[in-house]
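Thanks for sharing this one with me. Here are a few notes to read alongside the coordinates.

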Amino acid sequence: MVGQFRDIAIIIPVYEASAALRTLVDQLIGMGAQTILVVDDGSIHSPAAERLEGFSKDRVQLCNHQKNQGKGRALKTGFQRVIADKATNLKGVITVDADGQHLIADVIKVAEAALKNPDKVVIGTRSFEKSGIPLRSRFGNLLTKMIFTIATGTAVQDTQSGLRFLPTECLNVVCQIPGDRYEFELQMLTELAERGIGIIQPEISTTYVDGNRASHFRPLVDSARIYAVFIKYGAVAMLSAIADLL
């Protein structure tokens, strides 16, 4: 198991860190993770630095945003750190949420799929058919999955999953994709699908802690940002079709 994380960096975006962050990092180190980047997106009441006190800086690197800029921006900060570190020879990065929804066994499963398919994107895919899943999550995934398939021609079963592997070769492209908040993750998938990059989708556990109360997702504002991605993508596709017809 130790070798699985030798050539992969772990990026954890976090806002108002909970005890779950320390547990996650401790487990990742126990599994042999060599490079862990924690990006604190402007936490005020519970900064990541307090939760990670005592961890070696050689194993856990902490980046801090002075103010909250959004999950997308936090992910880009992590990607840019990996790109800037010329000394490493990483195959790619795995993004992991900090709220306890991603179990260490699922991170390992994504890492195993990544090592078998280092040139493809890997998305840890949850099943939304099980009981106990919040209605907004079930409905949101069903809707975005349908629209994504229609818009891109690529079937992705869990467009909202934050547990992903990205090959190092994709990081420069991904950092240029617009969006700083939750819409960035969907925009990223749209861009990668459009470029024809393969997507592997191993199934992972479906875990919601306290009904997902720890999530900082704002249903109205962030949903509007997410569906704006589809509107923009659809408008571009329509204009291209009209241009071809003319």
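The points below cover the cores, one strand residue and one helix pair.

1. A word on the basis: this is a predicted model, with local features needing pLDDT of at least 70 and side-chain atom pairs pLDDT 80 or more, while totals for chains, interfaces and linings use all residues. Numbering runs from 1 along each chain as its sequence is written, and side-chain values use heavy atoms, without hydrogens and water.

2. The largest nonpolar core (buried Ala, Val, Leu, Ile, Met, Phe, Trp, Tyr and Cys joined through side-chain atoms within 4.5 Å; buried is under 20% relative accessible area, 1.4 Å probe, protein chains only) has 31 residues, and Ile12, Leu21, Val38 and Ile94 touch the most other members. H4 (104-116) is among the elements that supply at least two residues each, and its 7 residues are the largest share. Helices are DSSP runs of H or I, at least four residues, and strands are runs of E, at least two, numbered from the N terminus.

3. Apart from this core lies another of 25 residues, including Leu171 and Phe184.

4. Gly92 is found in strand S4 (residues 92-95) and counts as buried because its relative accessibility is 0%. Beyond four places in sequence, Gly92 is in contact (heavy atoms within 4.5 Å) with residues including Asp7, Ile8 and Phe165.

5. How do H3 and H7 cross? The axes of H3 (residues 71-84) and H7 (residues 183-194), lines fitted to C-alpha atoms over the stretch in contact, come within 7 Å at roughly 60 degrees. Leu75 and Phe79 of H3 and Phe184 and Met188 of H7 are among the contacting residues.

Key. Buried means under 20% relative accessible area, exposed over 50%, partly exposed in between (1.4 Å probe, protein chains only). Axes are lines fitted to C-alpha atoms, for helices over the stretch in contact, and angles run from 0 to 180 degrees between N-to-C directions.
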